[in-house]
Amino acid sequence: MIRDIHRFSQYVYDLLIIGGGINGAAIANLAAGHGLTVALIEKGDFASGTSSKTTKLLHGGIRYLENFEFDLVKESLQERIIQMKAAPHLVKPLSFVIPVYKNDRRPLWMMKFGVTLYDFLGGEHSIGKHRFLNPSEVKGEIPDIETQGLQGGVTYFDAQMNDARLCLENVLMAHERGVHITNYVEALSFLKENEKVIGIKAKGLIRNIDFEIKAKNIICALGPWTNTFSEKNKDELSNKVRTTKGVHIVYKGNFSKNAVLVTNRDDKRIFFVIPWQGNSLIGTTDTDFKGSPDSVTTEKEDVAYLLREVKRVFPTVDIKEENIITTFAGLRPLVSAQGSPSKISRKHGITRTKDGVFWVAGGKYTTYRVIAMDCLKMIYGRTFPFLEEFMLYGSGLIEESSQELARHYGLEEEIVDHLKNTYGTRYSDVLKLTKQDPSWKSRICACSPAIAAQVVYAIKFEMAFKDEDIIWRRLSLGYLNCPTRQCFKQIEALRKRFIK
Ligand SMILES: Cc1cc2nc3c(=O)[nH]c(=O)nc-3n(C[C@H](O)[C@H](O)[C@H](O)COP(=O)(O)OP(=O)(O)OC[C@H]3O[C@@H](n4cnc5c(N)ncnc54)[C@H](O)[C@@H]3O)c2cc1C
């Protein structure tokens, strides 16, 4: 996938999509699969907005049951299994435990009913059966859990994903289907003819080049940037998004082999402590955010809020701020509604403004295919299904064993496993590069099995431009507890070799 911004002004596309988060990427992928000519532009890196700041779950959303959003949960559970089949290298089942204490707002019977209903709604798409636990079984599952007042618990299953790479696989698939794609190009304003939008003025941010892109239909999949872009363009968008901030902490080590659902004692919100790449992902918060989406950051209070509750649930673990590896903050682009952030529906909405532009709002990552289908249906007035067997860039069966491949390429088996888990069937494309330069077989750091060929691959074939694109969204190294950060230095050195 090569960035070639000059070609964008040579066509009138059927569809121009602004925003390379999961929704923009999925719409592009679907539209191209139906033979439309499509352009997709992204002002930062793909998935650099909300789509890499998630809790990394493809889930029905057990907490939406108490808002009676059964349709959303059912639909999400169906989508979960489709993604697990399409990208087993990026989407894996994960077991969850909910410990329940005396005086919890949600009593044990309610939790038992909740997980039973959850599995019922999953039906044939269920990925593991729930269980009811007595206090000693909860302790067996989570050895460091607070036992005072513990009445029991429940377990259930959901799926964990690599959000940035799942988005990238949609981008790469769209590219393979002929979509013209670029990152680091910003949409500045609309081009209008007779009050209708016929294209945009865009700026290539790498070389500061202004150009125009024309299209018969335009979709803004701008996530949290929806309001600012529509206001800047004086577009009368009635259905604005309500942006709420969610913060995550990546904490050294694992609290448990299971994900744990924690209920905050004060505001009764739930959040998760999840095993993630050998460490723990703790989050998330949910607070209204009024500033520019470009300025969202983690505040001290966000960290204090999460750690306070984790300390309560794991009283014997010495929880210290020094053990925080990193934090990240993202914004939910929710369909605007009144009420507390946690109570707002995660359903999506698509609006057409008078000038003919389509705007996507809300939704969950999990339901991105549904959002893409609804969006194209609204534009063209007919259904646009994904193919029966949904395929992503790395989909398919890997027949060769890691042992055979390790022997063939002269690599450690751990490295081969890591490549398979990152690229699925495309692992061999990365390995081919090592024929060009055998030194690219080397690990870039002791902290992970990532090898130099992956950095080269990210630059040459996955349109990575900045070091942070590689560190966070191609190789997920930023989440690791690396004492030397040798990996960052190696990435910088290789990037300088290929991108001046
Ligand atoms: C804290 C948090 C946790 C979450 N956890 C989960 C979860 O575990 N599971 C789940 O299913 N959902 C989760 N969600 C919801 C999910 O992440 C979002 O619904 C989804 O990522 C939104 O994708 P998007 O493509 O609409 O937005 P984004 O990913 O934000 O994409 C919009 C893109 O538009 C680009 N852009 C903006 N302006 C311009 C411009 N002028 N020109 C070009 N490009 C532009 C931005 O750079 C951005 O990349 C979570 C959300 C948050 C905030």
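This short presentation describes the domains, the ligand site and two backbone details of the structure shown above.

Good morning, colleagues. Please bear in mind throughout that this is a predicted model.

I begin with the overall division of the chain. The domain assignment gives domain 1 (5–51 + 164–239 + 345–380), domain 2 (86–161 + 242–339) and domain 3 (402–498). Domains 1 and 2 are thus each written as several segments, whereas domain 3 is given as a single range.

Where does the ligand lie with respect to domain 1 and domain 2? Both of these domains give residues to the shell around the ligand, so the ligand lies between them. There are 36 residues around the ligand, and those that come nearest are Asn 23, Glu 42, Ser 51, Leu 57 and Thr 366. By class, the shell comprises 17 polar, 12 nonpolar and 7 charged residues. Several secondary-structure elements contribute at least two shell residues each: the helix α1 (22–33), and the strands β8 (185–193), β11 (241–251) and β16 (324–335).

I turn now to polar atoms at the site. A polar backbone atom of Lys 43 is 3.1 Å from a nitrogen atom of the ligand. For ligand oxygen, a polar backbone atom of Thr 50 lies at 2.9 Å, and one of Gly 363 lies at 3.1 Å. On its own, the ligand has 1000 Å² of accessible area, of which the protein covers 96%.

The next topic is the contact of domain 2 with domain 3. The C-alpha centres of these two domains are 31 Å apart. Their contact takes 11 residues from domain 2 and 12 residues from domain 3. The size of an interface is often given as the accessible area lost when the parts come together. Here domain 2 and domain 3 bury about 850 Å² between them, with 55% of it on carbon and sulfur atoms. Which residues of domain 2 lose the most area to domain 3? They are His 89, Gln 277 and Ile 325, which together account for 48% of what the domain 2 side buries.

Finally, I draw your attention to the backbone. Most residues other than glycine have a negative phi, and most peptide bonds are trans. Lys 268, however, has a positive phi, near 70°, and is placed in the loop between β12 (259–263) and β13 (270–276). The peptide bond from Gly 283 to Thr 284 is cis, with omega near 25°. Thr 284 belongs to the loop between β14 (279–283) and β15 (287–288).

Thank you for your attention.

Definitions and conventions. Residues numbered from 1 in each chain as written. Predicted model: local features only at pLDDT ≥ 70, side-chain atom pairs only at ≥ 80, totals over all residues. Heavy atoms only, no water. Near = heavy atom within 4 Å. Polar contact = N/O pair within 3.5 Å; in protein donor to acceptor, adjacent residues only side chain to side chain. Areas by Shrake-Rupley, 256 points an atom, 1.4 Å probe, with all protein chains shown as cover. Helix = DSSP H or I, 4+ residues; strand = E, 2+ residues; numbered from the N terminus. Nonpolar A, V, L, I, M, F, W, Y, C, P; charged D, E, K, R; others polar. Domains from an automatic or database assignment. Contact = heavy atoms within 4.5 Å. Buried area = accessible area lost by both parts, 1.4 Å probe.
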